[in-house]
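Work through the exercises below with the coordinates open. Try each task before reading its solution.

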Amino acid sequence: MAALPNPEEWLANANEAINISLLAPSPSGLHKIATFHPKFTYSIFGEEEQIFGYKDLKINLRYRANDMRPYLKTSYSSKLKAVGDTEPTDIVEVLRDGGHLPRIAFVKGSDFEDSSKQMSEHWTPPGTLHSVIDAPDGQYEIWRGNMADTTVKQLNTRVQFLVPLLIEGGTYIGQDPETGSVELELPDLDRWTLFHMYQKQKAVDDPTKSTYTFVGYSTIFRFFYFQPPTPPASPRGEWELPTGNFDMAELPCRTRLSQFIILPPFQGKGIGARLYKTIFEHYHKHPQTHEFTVEDPNEAFDDLRDVCDLEFLRTIPRFNDLHLDMSVKVPKSGAIPQLIVGGEDLESIRLQAKIAPRQFSRVLEMHLMSKLPTSVQPSMALDEEVPLPTQQDKKQARLFQLVVKQRLYRHNKDILSQIETSERIERLQQTLGGVELEYARILAAYERASKYPQPQSSTVTNGKRKQEDELGEGSSKKARVEDA
């Protein structure tokens, strides 16, 4: 009887084994642009992120840099012979039959290379050119397309595999996160929009021509936005439901950013912020959109979003004028009066900005904190010398803290109502300290960003909050967004 192999000798780290490459096509062949490894593979190869049965395993996933056609090639020095039920992981079965990669990724390498040499020199991304961005490292283009367009849907199918690889907890569009099934359902394709970003450069073989390199993308979904009649209308006896023969694009909607990825080789250049701003500005001008939301963001994207939203809101004069009311007297008991000058207009400003309520409140708090005197303003600098606070400074700080505590209490009311008053006060104070440090970090990032020239864009006319959740039982967010 054959001896069972030592499993440790035949295990490969999936994150290290998978190598993702971007290759630029040309008549002379493929030219490598960049390579990177995935950050996560547990949703594909298990919690341990290991592949069994190979030595010196290399899984090379090559993407044609323009249309993102994939090609998969595996190599290894040794493959374990099956012993009973112990057999190597079938990589092709996992990735192809598991629905992670389209079947075109498993054709012969010669077919992939030949088709790349024969690509049209006039190739352009699917959809419509939305905007052009001039950045220090070159020109970028953002294209927009509806998923009902087969070419846009094809691009989405090819790049979806990157979602679980780069976003912790990321799932494919149409995948049921509860069951984990890879069987995708994509009803209402016309309600999905893809914004995809490319770097445009001169061709290697012919500098008079241009090539496109895929940089990242974002998927957007539109929900129907119900607006109750004012005043509520009394239904008549003959009232009937609509027949359904209407254009969804003309109905009021809540627009949700679902996925957002900037590929690792292009991160850290500010283009992720530019893509987000472009998308937000588009839907802020979109008459049918009443609110712009983000689905389950991770902390990295939360930072990007906070900085961009603060920058946008400060372009609204009514928001920029909001400040703490130093004349207010806070009673020792009973209801707290309005603490913000102009606070009666907050909902009106929020609706104008089309930002979700909780996000608007947080950014407002950052704005108010940035106006606190240096003597009482929370800071990330440990050795910074600050003047002694005056009584007025202390009062302003207290008013700000009350504003934050009011929101924290509303957000965690169910949890806080179950604990004693003394513990409730302590928990709120602890969480407040964490929120202040978080805001200080974000405001510092905002100040850094404002000191550097931002990529300029021109629109083409043709065409989770970790600290806050500590009050409750933890966050159930699944991060879906990635940028650095």
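**Exercise 1: a loop residue and its contacts**

Apart from neighbours within four places in sequence, Thr 41 is in contact with Ala 14, Asn 15, Ile 18, Gly 46, Glu 49 and Leu 165; contact means heavy atoms within 4.5 Å. This is a predicted model, in which local features need pLDDT of at least 70, side-chain atom pairs count only at pLDDT 80 or more, and totals for chains, interfaces and linings use all residues. Residues are numbered from 1 along each chain as its sequence is written, and side-chain values use heavy atoms, with hydrogens and water left out.

Task: state where Thr 41 sits and classify its burial.

Solution.
- Step 1. Thr 41 is in the loop between β3 (29-36) and α2 (42-45). Helices (H or I, at least four residues) and strands (E, at least two) are DSSP runs, numbered from the N terminus.
- Step 2. Its relative accessible area is 0%. Buried means under 20%, exposed over 50%, and partly exposed in between (1.4 Å probe, protein chains only). Thr 41 is therefore buried.

**Exercise 2: the loop between β6 and β7**

Task: place Asn 66 and Met 68, then inspect burial, contacts and backbone.

Solution.
- Step 1. Asn 66 lies in the loop between β6 (58-64) and β7 (70-75). Met 68 is found in the loop between β6 and β7.
- Step 2. Asn 66 has 6% relative accessibility, so it counts as buried. Met 68, at 0%, is buried too.
- Step 3. List the partners of Asn 66 beyond four places in sequence. They are Pro 25, Met 119, Trp 123, Tyr 198, Tyr 212 and Phe 214.
- Step 4. Check phi. Most residues other than glycine have a negative phi. Met 68 has a positive phi, near 60°.

Which other residue has a positive phi although it is not a glycine? Asp 296 does, at about 45°. Asp 296 sits in the loop between β14 and α8 (299-313). Its relative accessible area is 25%, so Asp 296 is partly exposed.

**Exercise 3: salt bridges**

Task: examine three of the 20 salt bridges in the structure. The criterion is a side-chain nitrogen of Lys or Arg within 4 Å of a carboxyl oxygen of Asp or Glu.

Solution.
- Step 1. Take Arg 64 and Asp 67. Their side chains meet at 2.8 Å, N to O. Arg 64 is buried, at 5% relative accessibility. Asp 67 is buried as well, at 12%.
- Step 2. Take Glu 121 and Lys 209. The N to O distance is 2.4 Å. This pair links distant parts of the chain, 88 residues apart. Glu 121 is in the loop between α4 (109-117) and β9 (128-135), and Lys 209 in the loop between β11 (192-202) and β12 (210-224). Glu 121 is partly exposed at 48% relative accessibility. Lys 209 is partly exposed at 30%.
- Step 3. Take Arg 350 and Glu 291. Their closest N and O atoms are 3.1 Å apart. The pair links helix α10 (residues 346-353), which holds Arg 350, to strand β14 (residues 289-294), which holds Glu 291. The two residues are 59 apart along the chain.
- Step 4. Extend the pair. Salt bridges with shared partners join Arg 254, Glu 291, Glu 347 and Arg 350 into one network. Arg 350 is buried at 7% relative accessible area. Glu 291 is buried at 8%.

**Exercise 4: an acidic residue in a helix**

Task: is Asp 393 buried or exposed, and what does it touch?

Solution.
- Step 1. Asp 393 belongs to helix α12 (residues 391-411).
- Step 2. Its relative accessible area is 15%, so Asp 393 is buried.
- Step 3. Skip residues up to four places away in sequence. Asp 393 then touches Pro 373, Ser 375, Val 376 and Leu 388.
- Step 4. Compare C-alpha positions. Asp 393 and Thr 374 are 19 residues apart along the chain, and their C-alpha atoms are separated by 8.9 Å.

**Exercise 5: the whole protein**

Task: how many helices and strands are there, and what share of the residues is buried?

Solution.
- Step 1. The protein has 15 helices and 18 strands.
- Step 2. Buried residues make up 46% of its 484 residues.
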